[in-house]
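Me: I'd like a close look at a single part of this model, and then a walk through whatever surrounds that part. Keep it informal, please.

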Amino acid sequence: MVFLSWTRPSPAQQKACIHKSEGFNYDPKYQGASSQPLSSSNKEELTKNGFFLNHSRILLGSGPQTFHNAKTALQTWRHLALNWSFVDPKTSIEVGTKFCICVKELLPWVMLPLQVSFVVNDSSSSVGRRGHKRATFGFGSGTLHGHLLAGEECFSIELDEDNQAEILCSPIHAINPEACHCSTCGKITASVKLL
């Protein structure tokens, strides 16, 4: 089932979408896959099973203040606060929290249900070779029934031993056959729910 709205989805519509979406829509053995660096064997298994992998790393700047600002931006969902996409900025980033990414398509808005599957918040006391403290903040969210894709995406901020702050995005997705194929005849279709 795909969740649509003709107008920007209200909190009530998002809540209804989350309520109607059940558990994760992908095999439990792949839950947490985006929380670990991908080895060549993991990559091979995931791609063999229909997942598309992507890994992006962008240097934001240097120093603890850059790390803190980026962490705050992730915690308030500003990485998705666009004219055509948003998450309720009050959504807490805690394991088990369900939420919707709302995306404006050509005419309708699509509500994509997800659940936070893991959180990493490590302000390590370890000091790098140049005397800088390391820190990491990130979280992964898994797709729920009703999402067009199946898999996870991890967003994280890292402050490395060289005092460089980077954002990482690691999606591991497959097209959700449940959302796109008729279970009876196998034809490409979509089960749509207008909220």
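Where is arginine 8 found? Start there and work outwards.

Reply: Sure. Keep in mind that this is a predicted model. Arginine 8 sits in the loop between β1 (2-5) and α1 (11-20). Its relative accessibility is 46%, so arginine 8 counts as partly exposed. Leaving aside residues up to four places away in sequence, arginine 8 touches Gln13, Phe86 and Trp109. There's also a long-range neighbour to look at: cysteine 102 is 94 residues away in sequence, yet the C-alpha atoms of arginine 8 and cysteine 102 are 8.1 Å apart in space.

Next, the helix that follows the loop. Gln13, one of the contacts of arginine 8, is buried in α1, as are Gln14, Cys17 and Ile18. Looking down the axis of α1, you'd find these buried residues within an arc of 135°, so they line one face of the helix. The face turned away from that buried side carries Pro11, Ala12, Lys15 and His19, which are exposed. And what covers the buried residues of α1? The cover includes β1, β4, β5 and β6.

That brings us to the strands. Five of the seven residues of β5 (residues 98-104) are buried, so this strand is largely enclosed by the rest of the structure. β5 pairs with β4 (residues 85-86) in the antiparallel sense, over two bridges; serine 85 has valine 103 in β5 as its bridge partner. β5 also runs antiparallel to β6 (residues 109-122), and seven bridges join the two. Cysteine 100, for instance, has proline 113 in β6 as its bridge partner. The connection from β5 to β6 is a hairpin through four residues.

Now for the nonpolar interior. The largest nonpolar core has 24 residues, and Trp77, Phe99, Ile101 and Phe139 are those with the most contacts inside it. At least two residues of this core come from each of β1, α3 (64-75), β5, β6, β7 (135-143), β8 (149-159) and β9 (164-175). β6 gives the most, with four residues.

Some of those names come back when you go through the aromatic rings. The count comes to five aromatic pairs. In one of them, the ring centres of tryptophan 77 and phenylalanine 99 are 4.7 Å apart and the planes are at 50°, so the pair is tilted. Tryptophan 77 lies in the loop between α3 and β4, while phenylalanine 99 is in strand β5, so this pair ties together parts that are 22 residues apart in sequence. Tryptophan 77 and phenylalanine 99 are both buried. Phenylalanine 139 and phenylalanine 155 form a tilted pair too, at 6.2 Å centre to centre with 45° between the planes. Here phenylalanine 139 belongs to strand β7 and phenylalanine 155 to strand β8, so the pair ties together parts 16 residues apart in sequence. Both phenylalanine 139 and phenylalanine 155 are buried. Ring pairs link Trp77, Phe99, Phe139 and Phe155 into a cluster. Beyond residues up to four places away in sequence, the contacts of phenylalanine 139 include Leu74, Ile93, Val116 and Phe118.

One last stop, in the loop between β7 and β8: that's the place of histidine 147. Histidine 147 is buried, with a relative accessible area of 6%. A polar atom of its side chain lies 2.9 Å from the backbone nitrogen of leucine 149.

Key. Residues numbered from 1 in each chain as written. Predicted model: local features only at pLDDT ≥ 70, side-chain atom pairs only at ≥ 80, totals over all residues. Heavy atoms only, no water. Buried < 20%, exposed > 50% of the residue type's maximum accessible area, 1.4 Å probe, protein only. Contact = heavy atoms within 4.5 Å. Pairing = 2+ DSSP bridges. Core = buried A, V, L, I, M, F, W, Y, C linked by side-chain atoms within 4.5 Å. Arc of directions from axis to C-beta. Polar contact = N/O pair within 3.5 Å; in protein donor to acceptor, adjacent residues only side chain to side chain. Phe/Tyr/Trp six-rings, centres within 6.5 Å; stacked < 30°, edge-to-face > 60°.
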